[in-house]
Amino acid sequence: MASTTVVIPNYKGINYIDNCLASIYKGTVIPQIIMVDNHSEDGSLPLVKEKYPEVKIIEFTENKGFCKAVNAGIKAAETQYVLLLNNDTEVDAHMISSLEKALDKDRTAFAAAAKMIDLHNPDRLDGAGDFYCALGWAFARGKDKPTEAYDKPGRIFSACAGAALYRRAIFDNIGYFDENHFAYLEDMDIGYRANIHGYHNIYAPDAKVYHAGSAATGSRHNTFKVTLSARNSVYLIYKNMPALQFILNLPLLLIGYGIKCLFFTLKGMGGAYLSGFFQGIRLSFSEEGKKNKVSFTVRNLPNYRWIQIQLWMNIFRKLF
């Protein structure tokens, strides 16, 4: 019986989903596959139904976002592990087995991140695990660096949900993806929560996946993405930082948000960024936001200490 179920959220995937599924079936491990369709109207859904009848389909009647889609897939899975995979990826033949070995080896690990390589420029990395710093910035480690870089496995802050294997039982302990996010930074949020609860997120460089990136939104920076990312970045801090940790980091957070605001203003999207920022404040103090805040407990103090050290160290990893 398969150890892994692959969950693929699909929206506007007509240009990629065929190659994505074909690459999975060429692998050394043949997993169960669930595709959750966010009301695609581009022909990708009928293509999968016709060409890959063995794929289980969950259909939404509207676009409910990344988080609700992957949660539905995770809850429908019955295997030990769940691999979340973007529809604009192509996996290496040994990718799934390499991720399974990484989680088998480290029983404290919640998630194992693959080495993500730029599909259109395979000499460059798309990411080698996700980091988060005290400036309030989340970033993909190694992005645009040579593919040969970051070949050592190890602990990371969070796994990019575009290509990561999760231990399914831990979701019951820390919660599922927060659907308030809709999309963007939801993987950082759940990785942060895992760290708070004492679980690890690890990087498995032998697991390689090729990623196109921004297939649904169409570009690296656009008003939709900027607004939603800014909103979720504020909500992420509110949810996961206790009051004392927030106060400790506040000067650096103000600097980080100021730099981001200037950056997007120069790109002509300052209004979108500020709109998202204030939406994040409103979401944080709404009843829905308050309900999802992670409760502080003294027994997790060593985990908060590790997190805080990472928040400081990752500033230098980002800048240098």
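L250 sits in helix α8 (residues 243–266); helices here are DSSP runs of H or I with at least four residues, strands are E runs of at least two, and both are numbered from the N terminus. At 31% relative accessibility, L250 counts as partly exposed because that value falls between the two cut-offs: buried is under 20% relative accessible area and exposed is over 50%, with a 1.4 Å probe and protein chains only. This is a predicted model, where local features need pLDDT of at least 70 and side-chain atom pairs count only at pLDDT 80 or more, while totals for chains, interfaces and linings use all residues. Residues are numbered from 1 along each chain as its sequence is written, and side-chain values use heavy atoms, with hydrogens and water left out.

**The patch around L250**

- L250 teams up with L244, F246, I247 and L254 to make a nonpolar surface patch of about 520 Å².
- Patch members have over 30% relative accessible area and no salt bridge; nonpolar side chains (Val, Leu, Ile, Met, Phe, Trp, Tyr) are joined within 5 Å, and like charges within 9 Å.
- The areas come from the Shrake-Rupley method with a 1.4 Å probe, and for residues only the protein chains shown count as cover.

**Nonpolar cores**

- In soluble globular proteins, nonpolar side chains tend to be buried together.
- A nonpolar core here is a set of buried Ala, Val, Leu, Ile, Met, Phe, Trp, Tyr and Cys residues joined through side-chain atoms within 4.5 Å.
- The largest one has 63 residues, and L84, F110, Y166, F177 and Y192 touch the most other members.
- Helix α7 (residues 223–240) chips in the most to this core, with six residues.
- Leaving out residues up to four places away in sequence, Y166 touches a long list that includes L84, L103, F110, F171, F177 and D187; contact means heavy atoms within 4.5 Å.
- There's also a second, separate core of 31 residues, with I24, L85, A112 and A163 among them.

**Two helices with buried residues**

- Helix α3 (residues 65–76) has twelve residues and spans 17 Å from its first C-alpha to its last, close to the 16 Å expected at 1.5 Å a residue; that expected span is 1.5 Å times one less than the number of residues.
- Buried residues in α3 include G65, F66, C67, A69 and V70.
- The buried residues of α3 pack against strands β1 (4–10), β2 (32–37), β3 (56–59) and β4 (81–85), plus helices α5 (171–174) and α6 (186–196).
- Helix α4 (residues 95–105) is mostly covered, with eight of its eleven residues buried; among them are M95, I96, L99 and L103.

**Salt bridges**

- Side chains of opposite charge can pair when their charged atoms come close.
- Searching the whole structure turns up nine salt bridges, each being a side-chain nitrogen of Lys or Arg within 4 Å of a carboxyl oxygen of Asp or Glu.
- K143 and D126 meet at 2.7 Å, N to O.
- K143 is in the loop between β9 (138–140) and β10 (154–156) and D126 is in strand β7 (residues 125–127), so this pair ties together parts 17 residues apart in sequence.
- K143 is partly exposed at 30% relative accessible area, whereas D126 is buried at 13%.
- K239 pairs with D178, their closest N and O atoms being 3.0 Å apart.
- That pair links distant parts of the chain, with K239 in helix α7 and D178 in the loop between α5 and α6, 61 residues apart.
- Both K239 and D178 are buried.
- E288 and K291 form a salt bridge with closest N and O atoms 3.4 Å apart; they sit three residues apart in helix α10 (residues 287–291), so about one helical turn separates them.
- E288 is partly exposed at 36%, and K291 is exposed at 59%.
- Salt bridges with shared partners join D178, D189, R193 and K239 into one network.

**Two loop residues**

- V294 lies in the loop between α10 and α11 (301–319) and is buried, at 15% relative accessibility.
- Beyond its neighbours within four places in sequence, V294 contacts R193, I196, H197, K239, N240 and Y304.
- P153, in the loop between β9 and β10, is exposed at 63% relative accessibility.
- Not counting residues up to four places away in sequence, P153 touches Y203 and P205.
- The C-alpha atoms of P153 and K225 are 30 Å apart, with their positions 72 residues apart along the chain.
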